[in-house]
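Q: Could you take me on a close look at one part of this model? I would like to see the surroundings of one metal site in some detail, and then how the rest of the chain is laid out around that part.

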Amino acid sequence: MKKTLTAAIVASGLLFTMGSTTVFAGEKVASLRGAYDIKAESLKPTKKKVVSQEGGFERSYKQQPPMIPHKIDKYRITLKNNGCMKCHDEKNYKKEKAPLVGESHFISRDGKKLDHISSRRYFCNQCHAPQVDAKPLVENEFAGLK
Ligand code: HEC
Ligand code: HEC
């Protein structure tokens, strides 16, 4: 009932009050959290430089998918082709001086060893991510295994 009423007032573009906050339809959005300025909420994301780390990033725990220590914006993963496997496949990794994908990446869901990347591991970015030098958004006290 109250929601319908609020919606009706916003739609007519009138000035109204919710709690003690004045809300102008079009500039601020009234929600359960109070009035929100749409423009202030949608700051332009800053573009950060991807960190290249020779030798890779240290892993924080066993079974962690290692972080990607290089840029990836040029490597496409499509239905027909996986750009990452140009360097990380069994055929190419030595020539490209890249680490071979983990053995687990060739195991099918029935536990069979395949001669190509398993479909379970096809979309590399599902688990592996490059890193940027950014300030953490929240404090984090996670301590990795040594
Ligand atoms: C042009 C070759 C090339 C391509 C293409 C490439 N990589 Fe790499 N990748 C490397 C090399 C070389 C290293 C090792 C860098 C080092 O350790 O200094 C590496 C390292 C990595 C590592 C770190 C492994 C570890 O044990 O720390 C991951 C994860 C990775 N790549 C994932 C990817 C993903 C995902 C893609 C596709 C989006 C990709 N790579 C595409 C060459 C490549
Ligand atoms: C479902 C999650 C997942 C996906 C998808 C995935 N990986 Fe991994 N990857 C892991 C995990 C977990 C490890 C570490 C344990 C292992 O080797 O299985 C790993 C290890 C690696 C390593 C290091 C191997 C080593 O022996 O040090 C490389 C390189 C790598 N992955 C590349 C890739 C590439 C390239 C793709 C896409 C073709 C990919 N991964 C897809 C989870 C994943």
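A: Happily! Let's start with two histidines of this predicted model: His105 and His128 are both buried. These two residues are the protein donors of the iron atom of ligand 2, each through its NE2 atom, and they lie 2.0 Å from the metal. Along the sequence the two are 23 residues apart, and both His105 and His128 sit in the segment after α3. As for the geometry, the six donor atoms around the iron atom of ligand 2 give angles of 87 to 178°, and the site is octahedral. That label rests on a simple test: six donors count as octahedral if opposite donors are over 155 degrees apart and all others between 65 and 115. For reference, the ideal angles for six octahedral donors are 90 or 180 degrees.

Now for what surrounds His105. One of its contacts is Ser118, which is also found in the segment after α3. Ser118 has a relative accessible area of 2%, so it counts as buried. Apart from its neighbours within four places in sequence, Ser118 is in contact with His105, Phe106, Ile107 and Ser108. The last of these, Ser108, belongs to the segment after α3 as well. Ser108 is buried because its relative accessible area is 13%, under the 20% limit for that class. Setting aside residues up to four places away in sequence, Ser108 touches Leu114, Ser118 and Arg120. Ser118 therefore appears in the contacts of Ser108, just as Ser108 appears in those of Ser118, and Ser118 also reaches the iron donor His105.

A little further along the sequence comes an aromatic pair, and a search of the whole structure finds one such pair. Its members are Tyr122 and Phe123, arranged edge-to-face, with 5.2 Å from centre to centre and 80° between the planes. The two rings belong to residues that differ in exposure: Tyr122 is buried, at a relative accessible area of 16%, whereas Phe123 counts as partly exposed, at 43%.

Gln131 is another residue of the segment after α3. Its relative accessibility is 25%, so Gln131 counts as partly exposed. Beyond residues up to four places away in sequence, Gln131 touches Lys49, Val50, Val51, Phe57, Met67 and Ile68. For one of these partners, Ile68, the separation along the chain is 63 residues, while the C-alpha atoms of Gln131 and Ile68 are 7.0 Å apart.

From Ile68 it is a short step in numbering to His70, and to the other metal site. The iron atom of ligand 1 is coordinated by His70 and His88, again through NE2 atoms, at 2.0 Å. His70 is in the loop between α2 (38–41) and α3 (85–88), while His88 is in helix α3, 18 residues away along the chain, and the pair links distant parts of the chain. The six donor atoms around the iron atom of ligand 1 subtend angles of 88 to 179°, which makes this arrangement octahedral. His70 has a relative accessibility of 29% and therefore counts as partly exposed, in contrast to the buried His105 and His128 of the ligand 2 site.

Two backbone details are worth a look on the way. Most residues other than glycine have a negative phi. Gln63, which is not a glycine, has a positive phi of about 70°. Gln63 lies in the loop between α2 and α3 and is exposed, with a relative accessible area of 73%. Lys97 is the other case to visit, with a positive phi of about 55°, and it is not a glycine either. Lys97 lies in the segment after α3, and its relative accessible area of 76% makes it exposed.

Elsewhere in the chain, Arg33 lies over the face of Tyr36, at 4.4 Å from the ring centre.

Finally, here is the wider setting. The protein chain has three helices and four strands, and read along the sequence they follow the pattern α-β-β-β-β-α-α. Of its 146 residues, 14% count as buried, and His105 and His128 are buried residues. Among contacts between residues at least 6 apart in sequence, 35% join residues at least 24 apart. The accessible surface of the chain comes to about 12900 Å², with 56% of that belonging to carbon and sulfur atoms.

Note on methods
Residues numbered from 1 in each chain as written. Chains lettered and ligands numbered in written order. Predicted model: local features only at pLDDT ≥ 70, side-chain atom pairs only at ≥ 80, totals over all residues. Heavy atoms only, no water. Donors = N, O, S within 2.8 Å, 3.2 Å for Na, K, Ca; no water. Tetrahedral: all angles 85-135°; square planar, octahedral: opposite > 155°, others 65-115°. Buried < 20%, exposed > 50% of the residue type's maximum accessible area, 1.4 Å probe, protein only. Phe/Tyr/Trp six-rings, centres within 6.5 Å; stacked < 30°, edge-to-face > 60°. Lys NZ or Arg CZ within 6 Å of the ring centre and 35° of its normal. Contact = heavy atoms within 4.5 Å. Areas by Shrake-Rupley, 256 points an atom, 1.4 Å probe, with all protein chains shown as cover.
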